[in-house]
Structures are given as C-alpha cells and as structure tokens.
Amino acid sequence: MTTDIRQVYRRLYLIRRVEETIVDIYPTDKVKSPVHLSLGQEAVAAGVCSALRPEDVVFGSYRGHASYLAKGGNLNAMMAELFGKATGCTKGRGGSMHLADARAGVMPTSAIVGSTIANAAGYAFGLRRLGTDAVVVSFFGDGATEEGVFSEALNFAALKRLPVLFVCENNSYAIHTHVSRRQSAQRLVERVRTYGIAASRVADADVLRIATEAQECVQALREGRGPRFLECATYRLREHVGPGEDWDLGYRSRDEALPWIQSDQVTRLGEMLEPRERAALEAAVEGEITAAVAFAEESPFPAASDLQNDVFA
Amino acid sequence: MIEERSLSQIDAIREALSQEMERDDRVLVLGLGVDDPKAILGSTRGLAERFGSERVMDTPLSEDCMTGACIGMAMAGLRPVHIHIRVDFLMLAMNQIVNVAAKSMYMSGGQQPVPLVVRAIIGRSWGQGAQHSQALHSMFMHVPGLKVVAPSTPLDAKAALTYAIRDDNPIIFIEHRMLHGFTGAVPSGEVLRGPGSCRVLRRGGDLTLVGISYMVPECLRAAEWLSTVGIECEVLDPVWLSPLDVEGINASVAKTGRLLVADNAWLECGASAEIVAGACEALGSTRRLAVGRVGFAATPCPTTPALEAVFYASAASIASEAFRLVKGELPERGCDLDMPREVREFRGPF
C-alpha cells in the first residue's frame, strides 16, 4: 500500500482548518461546552487513518476532533454538535468530548482518560468473533498510559491476539504536567514490548512515516498476528482545554514548541503538492467548512421533550 | 406444552444461560473462573464443553478492563454476560459501568446501545466479612441508563436473566447465594420477564411488606408468624429494582396504609429509601401512612458469627418492626423466629 499524499494532506488540512474555525467562533459563545483541540496533533490521526478502510473502527479520546474527522466522521453533524443542535452527531447529548459517528466507524469517546482503550480491545474481540477482517484503532494520550486500564488492556489484547492497534499520541503533557513529573521511566515502547506486543515509535511526527508504520501494523492485524502499538510524539499548540494559547502560564515555553512549529506537517505536505491541485483541494475543504458552519447555525436546538429520549435502547 | 419442574435457582440460572447461548451465538459468558472446576457455584457448569472456550471465557484479573472490553464487544454486536463471584468486585468496574455502559446510548444520541449483562453474586454468611458480603444494588439504581434486577425465586431468576440477555441495555443482575439453593417450579422452555409489575406473594390488608432479594423469603417467614398474632401482611417482591414498579407497590400501600421494606443492604440512600419515598410522594398527602425499613446495620459487615447475627436483618427483625408499625409497640414476648436453615447450615470454606 503506497501512501496517497493528496488524501493525507486533505485530512491534515481539514482538521487544521476545522480547529481554526472553532477558535474563531469560540468567542461568540455559540459553542457552549469545553473543547480540547487537536491543533498541532493532526498528523497522528491523519497518518494512522490513511491506513484504514471504511469498515474499520476508531476509538478516540475527549481530544477527539482529529480522529473523528480523519476517519470520515460527518462534518456537518460535528459542527452542529458543537453548536448543541438537534442535527448534531449525537443530537446535542455528547458535544465536543463525545463525538461519534457509527456509520463512519467513529465510536463514542470518553472524558475519563483511558476508558476507551478497553472498549477498543473488546470491539476487536467482537469483530474477530463475527468473522470480519476489520480492525480497531485505539487513540489515547500519554496520560492514559498511567491508568491501570492501559496495562490491563495490553495484557488482554496480547493474550487473545486481538486485531487492535494502540496509538499513543504522546504530547508530553497531561493538562499542565509534563510526563517527566508523572512517569518514573519514559520508555513506553519497551514497556509495551514486555507484553509480547510489537511496538514502535515515531519521534518527529512525520505524517508519512506514521502512515507507513500504520499500514504495516494494520496489515499485521488483518493477518491475525496480534495487536500492535505505535507511539507518536506530537505537540499540543493550544491550551489543554479551550481555544487559546497558554505560553503565559509558565509550565512550558514557546521555545519548546518551535521545532514542532517549524516541522509542521500541514505546511510540509501542502508544499509537496502541485500548487493548482493544492489550491483546489483547499478550496473544496473551505467550502465544506463554510457549509458546515451554516448548517450548524441554521439547525434547530432539540425540543425540551427530547430530554429523556435515548436513555435506554 | 411447557413442562413444569422443580429447579434450584442456580440450575435455573444455568438453564437460562445455556438456552440463550443455544438460541443466539452472539451470546457469550465471561468472567474469572467461568470455566474452572467450581464453575461459579455451578451456574456455568458444562457450558465451556458445550459452547467452546471463546464463548465461555475465563479472564485476567482485570475487572476494569474486562468490563470495558465487554462494552466494546456489545458495541460490536455480541451479547456478553460478565460474571463476578462477588458484587464487591464491581467496585473495580464502576468507571466502565457508570461512565461508559450507562451513558453510551444517550451520549451517542442513540447510535450505540450496550447490550450487556453483569451477573454479580452477594456472598452473605459464614464469615465472608466486609468485602465479600455487600449488596450494592442501590448504587446502580442511582444511575440512569442501567437496569437492575434482583430476583428471589428460581422462576424469576430464569425469566429475568433471559430477558436481560435479550435486552439491548446494560443490566445489573444481582444474585444472592443464600437463594441459590431454593427450589421452585420453572418451565423447561422459554420464559421471559422484564420490568413492569412486582410479584404479590401473599395477600393481606394490615401491612405491605416489600422484600428485596434474600429478604423475600425472610419476609414470607415473618408474615407467617405475624399471621399467628393476627396481623395479615401483603408481601411484595419488586424483582426489578430499576425501573421499579412504584405504582404496583403503592397500590398495595394505598390499601394497607402501612409499608415496611426489608432490604438485604444498608438503609442509607438505599432501595428501601427509594420505595418509601415513592409511597410517601404518591400517597402521603391524601392519607396517613406508617412506614419503616429494616436492613444491614450501618457498619461494615463483621466476620464473627456473634456480630454477624445482629448485623443482618432477619425474619425476626422484620416481624418485630412490622408488629410495631401495626400495634404501635414491639411484641411483648418477641417473636420466636430463628435463623433460617440455609444460613444455619451453610458451611465454607468459601
């Protein structure tokens, strides 16, 4: 499988521009809920999801805009969800932290760090039992690797040789706390290998290398060779929650971010495309985003009578 | 023609599992020890041989992850039954049960139901102690999105478990091991019973006596004794605790004007409080009610039999409190109800 740079760029650009659009809209208070933006981290979801088929499934985290969009979640429904509208992907029940689009294989996310890692492993068990060769990707941050459920899920997935790719988006921070203040040994890949899981690390967020690694992992999953683990170093350019920058807080410096800004994958891949092709692609994405914002604006809020629907199936 | 025979509750539970696994190959049973020689007190005996190790699956000691994995399996289209030999272990799974299973359907805007059954056993008696004897059903009753059932008879155990496996929602199925040996008529064929109406096990006009789980047979023993002193009880078993048949209970209370709830649990913020509140809200403004509750003492469960005996509610404490509600004072000579046979005769080591 060769990487389609155009498709990867489309995902990168879409995620970047959707997030920037949310930043622009946020001061209007039309998005009345927390947002955990993926700005700076686009390459992980864009690279990994380029290796997936429509029938494959992703489980993300509350910082889930990137995985939702990269897997093909409906953009109109996402924007309407952020606006709290009845046409939102979860009808105004989930919001930014719980985007889901089952038809696109985007499973519900959780605001409780690490929770969906176990769900992803179980889903992989289910897929295999139902006799498909579809695979599951579990996205989580470095903080989730400190939760007990991470270790439990690695063990279970390895024990049952489940078709699940664990992807750690390591942005070095849990809210404002650096990984060096949380983990005694920052040797994640080594730790995972002790479970008998093949694991690798992409240290520079090179989206094409992430895509290649993911393709190899997914191929192994489809062949029933057991779970895989991929650690992708990345960098969060905005505050933990909210639209702003937070260099003024003092827990990290802008200098630390500079290498990541200089190697920005959206810029890099954009420059790899032929200018006219790039312009057409970007114009198409801009049109989709404009339409999605209009769709969200024009959609109705849910009726009060909708409050108690969907508690039970 | 459905054959009626007498079955123990443990056999009724095994029959429900077996029949549902036979009927639907998406059903699977998992949990610590489900395929071991003791087979969850016998309730999974023979299933692994019949349905294979992928459908009757022992698990790592990872209640948190395995509950989450069951949720993932359910999302993918399987129908897992996750078994815990003690309810107490569910405390390790609360995040997945409360934050994920109960909310997935709602948070996803109806896209993602979670058809999951969690079978959890209350381990009263014989020195089980504070972490092996709790009954925590009210914790789950508190959370929208979960259904909770605590059957007391073999028939209701089979019918409720069958219903639970076919239902598309997460269901907490609470068993009491003192009830496992009770026998009763159970049809050999399909039998389903979901929430809707409580069981009326005895008719009477003086007092409504609601028993939960293992307190149901104790309420019946208490009602027998009360009848000998001229007090006739209406004994109800809600079976389903959430959703609860409040109307059914209140219909009886409207008749008797007195309500006593015997729970196999602590009273504080418990199922008994919910049932009493439901009666007071519906009937309290229109008539005078006498209400009472009996359950665990407000302490962790001790191990010594000397203290265990006073920790638990019993037919005797139920009968005394019922007598007080009706007559305004405790029975002068007490009530000569001893410990039930299943508790007296229980032997360990587990």
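Which element gives the largest share of the lining of the second largest cavity? I'd start there and work outwards; the points below go through that cavity, then the interface, then the other empty spaces.

1. The answer is α4(B), with four residues. Keep in mind that this is a predicted model, so read every value here as computed from predicted coordinates. Two elements each supply at least two residues of this lining: α4 of chain B and α5 (115-129) of chain A.

2. Here is the rest of that second largest cavity. The space in it comes to about 70 Å³. From chain A the lining takes A:F59, A:P108, A:T109, A:S110, A:T116 and A:N119, and from chain B it takes B:M75, B:N99, B:V100, B:S104 and B:M107. Sorted by class, that makes five nonpolar and six polar residues, with no charged ones.

3. Now the interface itself. Chain B puts 41 residues into the contact and chain A puts in 38. About 3,200 Å² is buried between the two chains, and carbon and sulfur atoms give 65% of that area. On the chain B side, the residues losing the most area to chain A are B:Y106, B:M107 and B:Q111, which together make up 21% of what that side buries. B:M107 is worth a second look, as it also sits in the lining of the second largest cavity.

4. On to the polar side of the interface. Between chain B and chain A there are 13 residue pairs in polar contact, counting pairs with both residues at pLDDT 80 or more. Two salt bridges turn up across the interface. One to check on screen is B:E54 with A:R129, where the closest N and O atoms are 3.6 Å apart.

5. Which elements of chain B touch chain A with two or more residues? They are α3 (63-76) and α4 (94-107). The largest share of that side comes from α3(B), at eleven residues. By class, the side of chain B that touches chain A has 18 nonpolar, 15 polar and eight charged residues.

6. Next, the cavity count. The model has three cavities of 30 Å³ or more, and the largest holds about 90 Å³ of space. Its lining is made up of B:G31, B:L32, B:T59, B:P60, B:S62, B:E63, B:M66, B:H82, B:I83, B:H84, B:I85 and B:F89. Two elements of chain B give two or more residues to it, α3 and β4 (79-84). With three residues, β4(B) has the largest share. So you meet α3 of chain B both here and on the side that touches chain A. The class split for this lining is six nonpolar, five polar and one charged.

7. Last, the largest pocket, with about 460 Å³ of space. It has 20 lining residues, and those nearest its centre are B:M141, B:H142, B:V143, B:S242 and B:E274. Three elements of chain B each supply at least two residues of the lining: α5 (137-141), β12 (240-242) and α9 (271-283). The largest share, three residues, belongs to α9(B). How do the lining residues divide by class, and how many are charged? There are 13 nonpolar, six polar and one charged.

Key: Residues numbered from 1 in each chain as written. Chains lettered and ligands numbered in written order. Predicted model: local features only at pLDDT ≥ 70, side-chain atom pairs only at ≥ 80, totals over all residues. Heavy atoms only, no water. Contact = heavy atoms within 4.5 Å. Buried area = accessible area lost by both parts, 1.4 Å probe. Salt bridge = Lys/Arg side-chain N within 4 Å of Asp/Glu carboxyl O. Polar contact = N/O pair within 3.5 Å; in protein donor to acceptor, adjacent residues only side chain to side chain. Nonpolar A, V, L, I, M, F, W, Y, C, P; charged D, E, K, R; others polar. 1 Å grid on protein atoms, 1.4 Å probe; cavity = no way out; pocket = protein on both sides within 12 Å on 5 of 7 lines; lining within 4 Å. Points joined across faces, edges and corners; volume = space filled by probe spheres on them.
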